[in-house]
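Colleague: Could you pick a single part of this model and take me through it closely? Please spell out the cut-offs as you go.

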Amino acid sequence: MNFSFGKEYKLCSHKQIESLFKEGKKVREFPFTFIFSTTEMEIKYPFQVLISVSKRNFKHAHDRNYVKRCIREAIRKNKFELESRLSEQNLKIVFAIIYTFNERMDYVNLEQKLIKALSKLTTQISNTNDKS
RNA sequence: UAGGCAAAUCAGUCUAUCGCUGUUCGUCUUCGGAUGAAGAGAGGAAAGUCCGGGCAGUAUAGAGCAUCGUACUUCCUAACGGGAAGGUCUCAUAGAACCAAUUUUAUGGGAACAGAAAGUGCCGCAGAAAGGAAAACUACCUAGAGAAGUUCGCUUUUUUAGGAAAAGGUGAAAAGGUGAGGUAAGAGCUCACCGCGUUAUUGGUGACACUAACGGCAAGGUAAACCUUACGAACUGAAAGACCAAAUAUACCGAGGCUUGAGGGUUGCUCGCCCAAUCUCGGAGGGUAGGUUGAUGGAUCCUAUGUGUGAAUGUAGGACUAGAUAAAUGAUAGAUACAAAGUUGUUUAAUCAACAAUGGACACAGAACCCGGCUUAUGAUUUGCCUUUUAU
RNA sequence: UGGCCCAUGGUGUAACUGGCAACACGUCUGGUUUUGGUCCAGAAGAGUUUAGGUUCGAGCCCUAAUGGGCCAA
């Protein structure tokens, strides 16, 4: 299994981000908010992700960096279910993770929450895809 | 034991698993990359953005005014509002000179510390009077007039004119202080000592200091009020700038202009100067939204040594490649060094001490062109000084 | 990255050259009313975001910090 989580997974395109926030669908699962949409862009892996931690909730840069690191780490470990499901349906998506809580969490705690949230996201994606 | 001040040091280390961003080398390649190995990867404040400089672009024809900043002296520095050494003033504590005023010694702290005899403003309430010194509420003195008492000497009191600025009272502040003489009463009116000012000698690079003579004492405070004086400041800011690639609209509307100068630039203004015709300004629109560079070896750090009181600096030797860009150093598990408390054991009649084991903390905080400072945040250890409390 | 501004009762705002921190709404008490509202009378509630400094005296002047907001790109 490949645990790597490099630059290819990062959503960097300005246009994509703008359209994502305009047209994307929201899924809420405390303490995260997901915004996702499908894409026709040529990307290597089934998804690209954007992680956002608000300056409003964390004043200091080191706190924001810590939370982002933890989220990255958690996704890196738990991306397979999402990846496999997407490749089954031959879908490519981009999504943003927004951390909406205003306190730091332990990594263990955060990972559990994220797993739960990711599973919710996967079902949502497949649902919307079925409808369309 | 706790706190404060000053100075110094460190900001854990190792292993395993899975990862992140560059670099070098090898292999493969559809030349886009892929993959393996090696090695590198946040700070003392990276922070605040409070100053200064480098660097870059524009300008360079300047002058005056305005604006902003700095302000004891000398030095350090690329530069500074930073630092060093010194001077002066001031505060606290303790002591000395008989009280006071004032002076002085020791220790420790603080100072935005140029000018208030260039000018203007302000100084509420209180107070007679708050700025050219001025005035008489209580109280003092002299002279005139009146009243009452009388032992006919005078005493008390009212009022008028003057003297004086000493006492009381007001205030943050009433302008030299203490003592003596002097006087109707008083007063630097005079004298002694102290303080203050001016001038001069001497010492010091200088801020200033010492001494002497003279002045009789003016010149209240406020410049973190305007201001004056001296010195300094061209503007912009790496999202600067340079290059490559991609894309498009030398189109449309309005105003103005053609060397007799529209307009633009030059700091805010004035003058002056410069540029200026397929042009300038405004409007409404179209396209792009990538990459490379700038950009990490430097006013760098360490050691030795010379110069200097010191900040610094000369010489010699050695050391050092973070370079991300929706923004990299992480997560999990374990071990371990060092500090304190605690627990257990040994020793002991018991406690202390000693020894051994166990146990056991990481605060503040994340580079964004780079440096020098300042400020603020903060864990631990060591040294020195000061203060408080408790115990002996 | 660079630049600018603000902070005053529970809320929204005043306070001029430094000289007793004011107003409205709200709150509380009493009155009027059968009761509530309206109305009338009265009261409480702040030491001006924090810490220093200048000054006789600071909301105002100066310095530093804290929090909040805005602009350029």
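Modeller: Sure, I'll start with the vocabulary and then settle on helix 2. Two strands pair if DSSP finds at least two bridges between them. The elements themselves are DSSP runs, numbered from the N terminus: helices are H or I with at least four residues, strands are E with at least two.

This is a predicted model, so local features need pLDDT of at least 70 and side-chain atom pairs count only at pLDDT 80 or more, whereas totals for chains, interfaces and linings use all residues. Residues are numbered from 1 along each chain as its sequence is written, with chains lettered from A and ligands numbered from 1 in the order in which they are written.

On confidence: pLDDT is the predictor's own confidence in each residue, from 0 to 100. Chain A averages 74, and 80% of its residues score at least 70. The model as a whole gets ipTM 0.68 and pTM 0.69. Where pLDDT is low, the predicted coordinates should not be read in detail.

Now the setting. Chain A has four helices and four strands, and from the N terminus on they run α-β-β-β-α-α-β-α. Strand 1 (residues 25–29) and strand 2 (residues 32–38) make a hairpin with two residues between them; they run antiparallel and are joined by five bridges, with Val27 opposite Phe34. Strand 2 then pairs with strand 4 (residues 93–99), again in the antiparallel sense, over seven bridges; there, Phe32 has Tyr99 as its bridge partner. On top of that, strand 4 pairs in the parallel sense with strand 3, over seven bridges, and Ile51 stands opposite Ile97 in that strand.

How buried is all this? I call a residue buried if 20 or more other C-beta atoms lie within 10 Å of its own, exposed if 12 or fewer, and partly exposed in between, with C-beta atoms placed from the backbone. By that count, 20% of the 132 residues of chain A are buried, while strand 4 has six of its seven residues buried.

Okay, helix 2 itself. Its 17 residues should span 24 Å at 1.5 Å a residue, and the end C-alpha atoms are 25 Å apart, which agrees; the expected span here is 1.5 Å times one less than the number of residues. Buried in helix 2 are Val67, Cys70, Ile71 and Ala74. Looking down the axis, those residues fall within an arc of 95°, so they line one face of the helix; the arc is taken from the directions from the helix axis to the C-beta atoms. The face turned away from the buried side carries exposed Ala61, His62, Asn65 and Arg69.

A few C-alpha distances help place the helix. Val67 sits 9.6 Å from Ile51, 16 residues apart along the chain. Ile51 belongs to strand 3 and is partly exposed, because it has 18 other C-beta atoms within 10 Å. Ala74, on the buried face, is 7.9 Å from Leu110 although 36 residues separate the two in sequence. Leu110 lies in helix 4 and counts as buried because it has 20 C-beta neighbours inside 10 Å. Arg72, also in helix 2, has 16 C-beta neighbours inside 10 Å and so counts as partly exposed; Phe5 is 8.2 Å away from it in space and 67 residues away in sequence.

Last, the RNA. I count a residue as near a molecule or strand if its C-beta atom, placed from the backbone, lies within 6 Å of it. RNA strand B is surrounded by 24 residues, the closest being Phe3, Ser4, Gly6, His60 and Tyr107. Elements giving two or more residues to that surface are helix 1 (14–23), strand 3 (47–53), helix 2 (61–77) and helix 4 (107–131). Helix 2 gives the most, with eight residues. By type, the surface splits into 10 nonpolar, seven polar and seven charged residues, where Ala, Val, Leu, Ile, Met, Phe, Trp, Tyr, Cys and Pro count as nonpolar, Asp, Glu, Lys and Arg as charged, and the others, Gly among them, as polar.
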